[in-house]
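Student: I'd like to work through this structure with you, step by step. Could you take my questions as they come?

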Amino acid sequence: MKTNALTFDGLDDYVSATVQIMHAKGDFTISGWFKPAENGVRWQRLISFSGQGLWTYKNKYVWWSSDFGTMDTGIPCRIGKWTYFAAAREGETITLYIDGVQVTSFLDTASLSPVLLIGGDSAAKYGFPGTIDEITLYNRALSATRITENYKAINNAGLIISYSF
């Protein structure tokens, strides 16, 4: 995979953006490519709206929510290998996908912060050691078919934000 991705040291590197176009309780899809450089035995932020979002913990991909805590995907991090992740919220249901395949779905009523954090945070507590690329954010829940197409790099019409590093 040819990439101009950002590499994070796991200590104090991170990207922060304010996303005013998001409604705190509205539908969305967020996705990206992640390549861990080491096992994630501690909490490591991949991409989140302040805290709510995709993390690694104990070498697995997890979704953390202020509404209920942690939803473990059961999918282990593959050190040195790219993994595609997508989360789609429709109403109060979030569906998680790894490499274009649905892995879990659950109820989540928490509001989202407009602050999007990638790879870590300003407190340098939850840094991700690895590489992140192709972060995308839609203001609607994409279908499972569309997420699989995006995983295969097909058709991104309607995209509202894309961070290609």
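**Burial, pairs and bridges**

Tutor: Happy to, and let's start with one residue: Trp 33 is buried, with a relative accessible area of 14%. Keep in mind that this is a predicted model.

Student: Which tilted pair do the rings of Trp 33 form, and how far apart are the ring centres?
Tutor: The partner of Trp 33 is Tyr 84, and their ring planes stand at 50 degrees. Planes under 30 degrees apart would count as stacked and over 60 as edge-to-face, so this pair is tilted. The centres of the two rings are 5.2 Å apart.

Student: How many residues separate Trp 33 and Tyr 84?
Tutor: Trp 33 sits in strand β3, while Tyr 84 belongs to strand β8. The pair therefore links distant parts of the chain, with a separation of 51 residues.

Student: Is Tyr 84 buried or exposed?
Tutor: The cut-off for burial is under 20% relative accessible area. Tyr 84 has 3% relative accessibility, so the residue counts as buried.

Student: Which tyrosine forms an aromatic pair with Tyr 84, and in which element does that partner lie?
Tutor: This second pair is tilted too, at 5.7 Å centre to centre and 40 degrees between the planes. Tyr 84 is in strand β8 and the partner is 67 residues away in sequence, so the pair ties together separate parts of the chain. At 29% relative accessibility, the partner counts as partly exposed. The partner is Tyr 151, in helix α1 (residues 144-151).

Student: Which residues form one aromatic cluster?
Tutor: For context, the count of aromatic pairs comes to 8. One cluster is made of two tryptophans and two tyrosines: Trp 43, Trp 55, Tyr 57 and Tyr 126.

Student: Which residues have the most contacts inside the largest nonpolar core?
Tutor: In soluble globular proteins, nonpolar side chains tend to be buried together. Here the largest nonpolar core has 25 residues. Strands β3 (28-36), β4 (44-49), β6 (60-65), β8 (83-90), β9 (93-98), β11 and β12 (129-138) each supply at least two of its residues. Those with the most contacts inside this core are Ile 30, Phe 34, Ile 47, Trp 63 and Phe 85.

Student: What does Ile 30 touch, leaving out residues up to four places away in sequence?
Tutor: A contact here needs heavy atoms within 4.5 Å. With that in hand, the list for Ile 30 reads Ile 47, Phe 49, Phe 85, Ala 86, Ala 87, Leu 116, Thr 136 and Leu 137.

Student: How many residues are in the second, separate core?
Tutor: This core includes Trp 82, Tyr 84, Tyr 138 and Leu 142. Tyr 84, which we met in the aromatic pairs with Trp 33 and Tyr 151, is thus one of its members. The second core has 9 residues.

Student: Which residue meets Arg 45 in a salt bridge?
Tutor: The structure holds 3 salt bridges. In this one, the side chains come to 3.0 Å, N to O. Arg 45 is in strand β4, and its partner is 76 residues apart from it, in the loop between β11 and β12. Both are buried, and the partner is Asp 121.

Student: Which residue forms a salt bridge with Asp 99?
Tutor: Asp 99 is in the loop between β9 and β10 (101-107), and its partner is in the loop between β7 and β8, 21 residues apart. The closest N and O atoms are 3.1 Å apart. The partner is partly exposed, with a relative accessible area of 36%; its name is Arg 78.

Student: How far apart, N to O, are Asp 72 and Lys 60 in their salt bridge?
Tutor: Asp 72 lies in strand β7 (residues 69-76) and Lys 60 in strand β6, 12 residues apart. Asp 72 counts as partly exposed at 39% relative accessibility, and Lys 60 is partly exposed at 31%. Their N to O distance is 4.0 Å.

Student: What share of the residues in the chain is buried?
Tutor: The chain comes to 1 helix and 13 strands, and it has 165 residues. Buried residues make up 47%.

Terms used
Residues numbered from 1 in each chain as written. Predicted model: local features only at pLDDT ≥ 70, side-chain atom pairs only at ≥ 80, totals over all residues. Heavy atoms only, no water. Core = buried A, V, L, I, M, F, W, Y, C linked by side-chain atoms within 4.5 Å. Buried < 20%, exposed > 50% of the residue type's maximum accessible area, 1.4 Å probe, protein only. Helix = DSSP H or I, 4+ residues; strand = E, 2+ residues; numbered from the N terminus. Phe/Tyr/Trp six-rings, centres within 6.5 Å; stacked < 30°, edge-to-face > 60°.
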